[in-house]
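Work through the following exercises with the coordinates open beside you. Each task is followed by a solution that goes step by step.

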Amino acid sequence: MEGISLEELQLAARNHGMPLEALRYPITPVGLHYLLIHYDVPDVDAGEWSLTVRGERELSLGLAELKERPRAELTVTMECAGNGRARLDPRPVSQPWLLEAVGTARWAGTPLRPLLDEAGVGEGAVEVLFTGLDRGIEGGIEQRYQRSLLLEDAFREEVLLAYEMNGGPLPPQHGFPVRLLVPGWYGMTSVKWLAEIDLLEEPFEGYQQSQGYRLRQTEDEEGTPVQRIVPRSLFVPPGIPEFFTRERTVTAGEQVVEGRAWSGLAPISSVEVSTDGGESWAPAELDFQEERWAWRGWRFRWHAEPGSYVLCSRARDEAGNEQPVEVPWNLGGYSNNAVQTVSVTVTG
């Protein structure tokens with residue numbers, strides 16, 4: 001695999017993943033939650049900020065007005081569509097995520113649907129476009145970050161305009177003062193620094209919709225859109241690490257291996273663990289699923305004897321979707337939910 005470029009290192013220094021040991025927390029502390037910023041963090045004055053909603057009528061709401069509307073809270077696991085990108089070969093050149101581009105937060109805000117109804121949904125409306133305040137150049141195109149949802153997806157009751165994260169105002173890097181929150185979809189859908197919402201009578205063809213975030217093999221291929229999060233399970237790193245390689249060492253004896261699993265397609269139904277690199281599998285115990293859109297904890301009891309092992313875990317959801325051992329390569333490095341492997345040395 002070709003070496004990491006200075007440009008990729010620059011991206012990796014701006015954006016950060018969640019240390020996998022933070023999987024221990026049901027709610028990820030704000031500073032440990034994964035972060036991806038496409039362009040720059042905008043300078044936003046909450047007192048001057050307003051949200052414009054254009055339907056059959058045009059609405060304009062300040063932050064205080066938005067907070068006066070009905071409030072909802074959801075615990076949601078959010079994952080970057082590029083999580084696992086750097087593990088593909090050849091490696092797609094972009095933010096070099098390994099496995100850590102995920103986090104779970106308690107979000108609060110107001111449901112989107114009533115606001116759209118108030119603005120007036122015309123008979124010809126087919127999509128809802130969300131525009132952020134962040135601006136930049138991508139694919140040679142100067143743009144504001146924009147994504148759209150089909151009307152039926154925007155109308156789902158769990159879609160929020162979020163203004164709080166883990167009990168406090170959104171931090172600047174997470175979209176202050178307001179962001180879209182679309183549970184079950186990869187993070188690129190939850191537009192940050194939200195400024196405008198437009199009801200459209202034809203599909204949105206902007207860069208982030210028609211060129212970015214599509215599963216394809218070549219630039220010329222239209223591909224299929226990346227949307228919902230596919231199943232994934234990750235380990236809380238067992239034992240202790242070697243500083244540079246991060247290889248794990250575990251003491252012989254009874255060990256409880258644990259982690260978390262999630263899927264945007266359906267609730268998690270099972271997690272299996274292998275201690276022999278995937279040759280054999282055994283079921284893990286699952287925690288009670290308290291909230292649909294949050295990850296689910298699991299644990300596995302392992303009698304570890306001295307030697308070298310490769311641990312694996314794989315998740316399955318109620319719709320029958322299961323993590324594969326390998327995934328097909330794609331140009332953007334999206335949706336790589338291949339089974340995680342962790343090399344472990346057990347000492348006596």
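**Exercise 1.** In this predicted model, decide whether Arg 216 is buried or exposed, and then describe the salt bridge in which its side chain takes part.

*Solution.* Arg 216 has a relative accessible area of 11% and is therefore buried, since the cut-off for that class is under 20%. The side chain of Arg 216 meets that of Glu 219 in a salt bridge, with an N to O distance of 3.9 Å, which falls within the 4 Å limit applied to such pairs. Glu 219, by contrast, is exposed, with a relative accessible area of 59%. Elsewhere, salt bridges that share partners join Arg 54, Glu 58, Arg 144, Glu 196 and Asp 198 into one network.

**Exercise 2.** Take the pair Arg 144 and Glu 196, and establish which elements the salt bridge ties together.

*Solution.* The closest N and O atoms of Arg 144 and Glu 196 are 3.1 Å apart, and the two residues form a salt bridge. Arg 144 belongs to strand S6 and Glu 196 to strand S10, so the pair ties together parts that are 52 residues apart in sequence. As to accessibility, Arg 144 is partly exposed at 27%, whereas Glu 196, at 19%, is buried.

**Exercise 3.** State how many salt bridges the structure holds, and analyse the one between Arg 69 and Glu 118.

*Solution.* The structure holds 18 salt bridges. In the one that Arg 69 forms with Glu 118, the closest N and O atoms are 3.1 Å apart. Arg 69 is placed in the loop between helix H2 (63-68) and S3, while Glu 118 is in helix H3 (residues 112-119), so this pair ties together parts separated by 49 residues in sequence. Arg 69 counts as buried at 16% relative accessibility, and Glu 118 is partly exposed at 39%. As a general principle, side chains of opposite charge can pair when their charged atoms come close.

**Exercise 4.** Locate Ser 148 and identify the residue whose side chain is joined to that of Ser 148 by a polar contact.

*Solution.* Ser 148 lies in strand S6, which spans residues 141-150. With 4% relative accessibility, Ser 148 is classed as buried. The polar contact runs from the side chain of Ser 148 to that of Glu 127, at 2.8 Å.

**Exercise 5.** For the loop residues Leu 20 and Pro 92, give the class of accessibility and one C-alpha separation each.

*Solution.* Leu 20 is found in the loop between helix H1 (6-14) and strand S1 (50-54), and its 10% relative accessibility makes it buried. The C-alpha atom of Leu 20 is separated by 8.3 Å from that of Leu 99, although the two are 79 residues apart along the chain. Pro 92 sits in the loop between strand S3 (72-79) and strand S4 (102-111) and is buried, with a relative accessible area of 6%. For Pro 92 and Tyr 186, which are 94 residues apart along the chain, the C-alpha separation is 18 Å.

**Exercise 6.** Which residues form the nonpolar patch, and which form the negative one?

*Solution.* The nonpolar surface patch is formed by Ile 4, Leu 6 and Leu 9, which together have about 310 Å² of accessible area. Leu 9 is in helix H1 and is partly exposed, at 48% relative accessible area. The negative surface patch consists of Glu 56, Glu 123, Glu 201, Glu 202, Glu 205, Glu 221 and Glu 222. Glu 201 is located in the loop between strand S10 (194-200) and helix H5 (207-210), and at 64% relative accessibility it counts as exposed.

Notes: Residues are numbered from 1 along each chain as its sequence is written. This is a predicted model: local features need pLDDT of at least 70, side-chain atom pairs count only at pLDDT 80 or more; totals for chains, interfaces and linings use all residues. Side-chain values use heavy atoms; hydrogens and water are left out. Patches are made of residues with over 30% relative accessible area and no salt bridge: like charges are joined within 9 Å, nonpolar side chains (Val, Leu, Ile, Met, Phe, Trp, Tyr) within 5 Å. Accessible areas come from the Shrake-Rupley method with a 1.4 Å probe; for residues, only the protein chains shown count as cover. Lys and Arg count as positive and Asp and Glu as negative; His and the chain ends are not counted. The place of a charge is taken as NZ of Lys, CZ of Arg, CG of Asp or CD of Glu. Helices (H or I, at least four residues) and strands (E, at least two) are DSSP runs, numbered from the N terminus. Buried means under 20% relative accessible area, exposed over 50%, partly exposed in between (1.4 Å probe, protein chains only). A polar contact is a pair of N or O atoms within 3.5 Å; within protein, one must be able to donate a hydrogen and the other to accept it, and residues adjacent in sequence count only if both atoms are side-chain atoms.
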